[in-house]
Amino acid sequence: MNKRNINLDLIKIIACIGVVGLHAVGMRNYTIYYLCDFSVPLFFMVNGYLLLPRENINYSYAFHKIFHILKIVFGWNLLITIPVFIFRYKIVNPLRLSMDSLLQKGYLWHFWFFGALILIYLFLPIFHRLFFLKNHSRRMACIFFMCICLCINIFSIIMGYPLHMFVPQSLRLWTWSFYFLMGGLIAAAASKIYLLPAWAHGILLLLFTFINNFSEKKIGLYLIKSRLAEYFYDDLTSIIWYILLFTFLLRLPIKEKFSAIIADISSLTMGIFIIHPILLAVLDRIYTPTGTISVLIFWAALTLVSLGITYIMSKTPVIKTFIRL
């Protein structure tokens, strides 16, 4: 049995906290907002890291994963029809809600992530086969998708608006395929991470954290006229930053005594992802943070409350299947 990679669990936790930050902080503070935009790319990289090196992946496995995602999506959309009926006196079709949520619409708009995962899993056997061909095949696949990302980014700057805006996030397969394959590529070359001294790796990460944050602010404000974080996943500085962050977290030494705690919290990250926007929709009607300190407190509180609710749900055998992939 392969030993559990606790660093991947740590990455999932940090990415989950970042996702909550993206939604809780939003554009109230652009510096913090853009510091959180690594979250979704890192989730796809973790998936690629875990899945692509597996010895055997076929369509039966891929369809099993897709079916489980669809079960989660439909279950939550069925559940959301109850408060919609009670508070809005509307009867809605959960199947229609499920389709909308996969395309970043409706009450559970954040389920676009599941829509993107479904598309990745549809191509998973092909990506897996490609991964086990010659080394240059998987590298060329990564370069191919990265070139598409960079071209879209460049043309967005030339046109003066993000071309991504015409495609829902769940359908931006070029972006998510790149990060998924990059995760697998890093898994295949994990030992090479250590060729760069840790201190140099840390300095590069810190440098690109500042460069990318500054770049996103300026490009969004002056060049593409949109400051949404979702339009920067294809930037070259963002790609470099995400890879540096992912590989740096992979090499962090983690003491054995913290491993169990990290693993337990990691198992709750999907539930936190599902629940926090629902809580946010309620809290936004009650309280809107303004200053930096209040925004940070709001972010922390939303994360902890979502964690608490997810933990309680994880203790119920039937319910816990709807908060874990």
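Cys16 is buried, at 4% relative accessibility. Keep in mind that this is a predicted model. Does Cys16 have a partner, or is it in no disulfide? It is in no disulfide. The nearest cysteine sulfur belongs to Cys36, and that is 11 Å away. A disulfide needs the two sulfur atoms within 2.5 Å, so Cys16 does not qualify at 11 Å.

Next, Cys149. This residue is also in no disulfide. Its nearest cysteine sulfur is that of Cys147, 9.1 Å away. Cys149 counts as buried, with 0% relative accessibility. And how many disulfides turn up in the whole structure? The search finds zero.

On to the pockets. The largest pocket holds about 910 Å³ of space. It is lined by 26 residues. Closest to its centre are Arg4, Asp9, Lys12, Val46 and Leu50. Several helices give two or more residues to that lining: H1 (6-25), H3 (39-51), H4 (59-88), H6 and H13 (269-283). Which of them gives the largest share? That is H3, with six residues. As for chemistry, the lining of the largest pocket splits into 13 nonpolar, six polar and seven charged residues.

Now the second largest pocket. Its space is about 550 Å³. Here 15 residues make the lining. Nearest the centre you will find Ile80, Pro83, Tyr107, Ala281 and Val282. H4 and H13 each supply at least two lining residues. H4 has the largest share, with seven. What about the classes in this lining? There are 13 nonpolar residues, two charged ones and no polar ones. For anyone setting up a docking box, put the two linings side by side. The largest pocket has six polar and seven charged residues. The second largest has no polar and two charged. H4 and H13 contribute to the lining of the largest pocket, and both contribute to that of the second largest.

Let me turn to H10. This helix has 26 residues. From first C-alpha to last it reaches 35 Å. The expected span at 1.5 Å a residue is 38 Å, and H10 comes close to that. Which residues of H10 are buried? The list runs Ala200, His201, Leu205, Phe208, Thr209, Asn212, Asn213, Ser215, Glu216, Ile219 and Gly220. Note that Glu216 is on that list. So what covers these residues? The cover includes helix H2 (30-35), helix H8 (135-159) and H11.

H10 is followed by Lys225. That brings me to backbone angles. Most residues other than glycine have a negative phi. Lys225 has a positive one, near 60°. Where does Lys225 sit? Its place is the loop between helix H10 (198-223) and helix H11 (236-250). Lys225 counts as exposed, at 57% relative accessibility. The cut-off for exposed is over 50%, which is why Lys225 gets that label at 57%.

Last one, Gln104. This residue is not a glycine either, and its phi is positive, about 65°. Gln104 is in the loop between helix H5 (94-102) and helix H6 (112-122). Is Gln104 buried, exposed or partly exposed? Partly exposed, because its relative accessible area is 25%. That value falls between the 20% limit for buried and the 50% limit for exposed.

To wrap up: zero disulfides, a largest pocket of about 910 Å³, and positive phi at Gln104 and at Lys225.

Terms used: Residues numbered from 1 in each chain as written. Predicted model: local features only at pLDDT ≥ 70, side-chain atom pairs only at ≥ 80, totals over all residues. Heavy atoms only, no water. Helix = DSSP H or I, 4+ residues; strand = E, 2+ residues; numbered from the N terminus. Buried < 20%, exposed > 50% of the residue type's maximum accessible area, 1.4 Å probe, protein only. 1 Å grid on protein atoms, 1.4 Å probe; cavity = no way out; pocket = protein on both sides within 12 Å on 5 of 7 lines; lining within 4 Å. Points joined across faces, edges and corners; volume = space filled by probe spheres on them. Nonpolar A, V, L, I, M, F, W, Y, C, P; charged D, E, K, R; others polar. Expected span 1.5 Å × (residues − 1). Contact = heavy atoms within 4.5 Å.
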